[in-house]
Each structure stands twice: as structure tokens, then as C-alpha cells.
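Dear colleague,

I am passing on the structure below, together with some notes on its strands and on one residue that I looked at separately. Please read the notes with the structure open beside them.

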Amino acid sequence: MTEQQTGTTESAERRSPLHDEHVALGANLTSFGGWLMPLRYTSDLAEHRAVREAVGLFDLSHMGEIEVAGPQAAAALDRALVGNLSAVAPGRARYTMICQEDGAVLDDLVVYRLADERFLVVANAGNADLVARELVERAAGFDATVTDQGAGTALVAVQGPRAEEIVAGLTDPADPVAAETVRDLRYYAAAPLVLRTDDGPVDALVARTGYTGEDGFELFVPADRAADLWRTVLAAGAPLGLVPAGLSARDSLRLEAGMPLYGHELDTTTTPYEAGLGRVVKLDKVDADGAPLEFVGRAALAARRESPPARVLVGLRGLG
């Protein structure tokens, strides 16, 4: 769930809280969604294989984090997005989309329900400002507040078969319940935990989500603690084969797993149906009174569902 790469530059791009860490590791940096981010550290193939066979560490701090909170936060998101967010239980997450009135996709999102009246919407970097503006506009009239938290939040992902071992090892050994929470966390679920770093504990939202097709975790932490966490994970994972991985490996991993990339499979000329993702559109949503809920884009998407798509997304498998 990221945007299209836009070329290599070191001018006028936003920098991750981990920028100095990437430079120290010799990363090849690229402009991506308005940010200067690591494209690769060593080789695309080596980083791809590390995630498939052991574990990779990704900086996702370019993603947008937008909180929607209040007594009518769920109703506001049901109106704003194509998914049924009021049906998501606290501690769980859902993949969904925000569409225009004509059904075209503005962005694909992951939404975490942190509590009954509190949600975290994660948007793609190049679309984060747009999504925040749209949510503010679409939440008007609801008892809900939309807050852009992207500037103060860092996000790193630990992805691969040994990810659980590493993340569970970041919890306090004196608190076995924390490690069990990591191990018991379901796919598309999240929990607040305290993680250990070499510079002291850090409050984190630990989510079992990802964009690689492997098991893994995404760790949301305050931006000013990101470097502490990054260095601690690198050291803890080194004996298990962990390597830092860049956007190039992230793209090949998601492509291999059949996951969409905004700017490729999804854009403002595409509805979820052309992208083969019509399942995320919930046309049967109802409001608090049980009446059909007219979310943004519903009429166009209902019509699209009943007609053959103009385009069909087809996956190809390499056999040699």
C-alpha cells in the first residue's frame, strides 16, 4: 500500500526520522511520494530473499497516520469510506478505500480501531494530505474529530518468517504477558505495547499487518524514538538474518504476493471493481436507523458492480 516511485533526488523532499540511519547504512535514496526514502541498501534480490527466508526491516515513516475520534467516529468513517468500519471490533483492522463520487479510488487504506470511539487511518504518503482533507470534509456534521498525526509518528515494519521471534523479544522479559500478546496477535489486529530499546522503553502500537505476503509486524512509535527502535531491531535481528530492506524489495514482494500499488493497479481512473477488489465495497451498509447508508461513491459503485468492468486486472506467473 504505497505510491509510485518518482525518481531520484535529494532536493525539497521530506525526510524520514530515520534518514541519518539510512545514510549511515549506505542506502541508495530515492524520491517517493514526496519523501526521500531508501530504495535499496545492498541488492534488491538479497533484500527480497531475506524477507522470504528470514526477516527484513523497512522504514515506512512516509505513510500518513490520521486519527478519527469521537462518539460518531465509526459513523463518520462509514460515510467516508467504502468499508463497514462500524463492524470492526476494537483491536482489529480493515483494508478499505476512499473513493470519489464517481467510484474512482482516491487511496487505499488500512484502518485500525483502537477503541470504541477511536480509529487510526493509515494512508499512502503521496495521498496522505488529500485523505486528511477529505476525511475532515466528510466528517462534517458528525461528532468526530479528525487529527493528522503523521508528523509525530514513525512507522517501521519487521517482515518475514522470523518476525514474531524478533518483536516478541523486544518486550520486557519481566512481563511475559507482553510477549504472549505479540505471539497471540491475529492477522490484521493491533495492540499497544511497551517495547525495549537500547535507550529505554518506548510506547508502541504493534500491528500484525504488512505488505510483503509474509508474516510480520508494523510498529508505530513517536518520531523522536524511531532511531532508537531501528538500531535495537537491527542488532536483535542480525543473528537471525535480518537485513534492512528498501522500497525496491517492498515493491517486488508486494507484486509477488498480488497486493495492489496505488499509482499502478489503483488510481483515479479505476474503481475497486476494475482492480479486482470489489470485495472491499460494502453496498449493504445501513445507518443507525437501519436505512441504507449513502456513503461517498455508493451510487456509482452499485452501478459499476452490475456492469462488466471496462478493464480486468490479470496476474502473470513466471515459470522459468
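The notes below take up a sheet, a helix that lies across it, and then a single glutamine.

Please keep in mind throughout that this is a predicted model. The sheet is an open one of 5 strands, arranged in the order E7-E8-E9-E6-E10, and its pairing is antiparallel. Strand E7 (93–99) and strand E10 (145–148) stand at the edges with a single partner strand each, so one side of each is left without a neighbour in the sheet. On average, and with direction ignored, neighbouring strands of this sheet are turned by 30 degrees against each other.

At the E10 edge, strand E6 (residues 64–69) pairs with E10 in the antiparallel sense over 4 bridges, and within that strand pair Val 68 has Val 146 of E10 as its bridge partner. Helix H4 (residues 128–138) lies across E6, E7, strand E8 (105–115), strand E9 (118–123) and E10, and runs at about 10 degrees to E6.

The residue I looked at separately is Gln 159, which is found in strand E11 (residues 153–159). Gln 159 has a relative accessible area of 1%, and because buried means under 20%, this residue counts as buried. Its side chain reaches the backbone oxygen of Thr 209 at 3.1 Å. If neighbours within four places in sequence are left aside, the residues in contact with Gln 159 include Val 51, Val 55, Gly 56 and Phe 58, as well as Thr 209, Gly 210, Tyr 211 and Phe 217.

With best regards

Note on methods. Residues numbered from 1 in each chain as written. Predicted model: local features only at pLDDT ≥ 70, side-chain atom pairs only at ≥ 80, totals over all residues. Heavy atoms only, no water. Pairing = 2+ DSSP bridges. Helix = DSSP H or I, 4+ residues; strand = E, 2+ residues; numbered from the N terminus. Axes fitted to C-alpha atoms, helices over the stretch in contact; angles between N-to-C directions. Contact = heavy atoms within 4.5 Å. Buried < 20%, exposed > 50% of the residue type's maximum accessible area, 1.4 Å probe, protein only. Polar contact = N/O pair within 3.5 Å; in protein donor to acceptor, adjacent residues only side chain to side chain.
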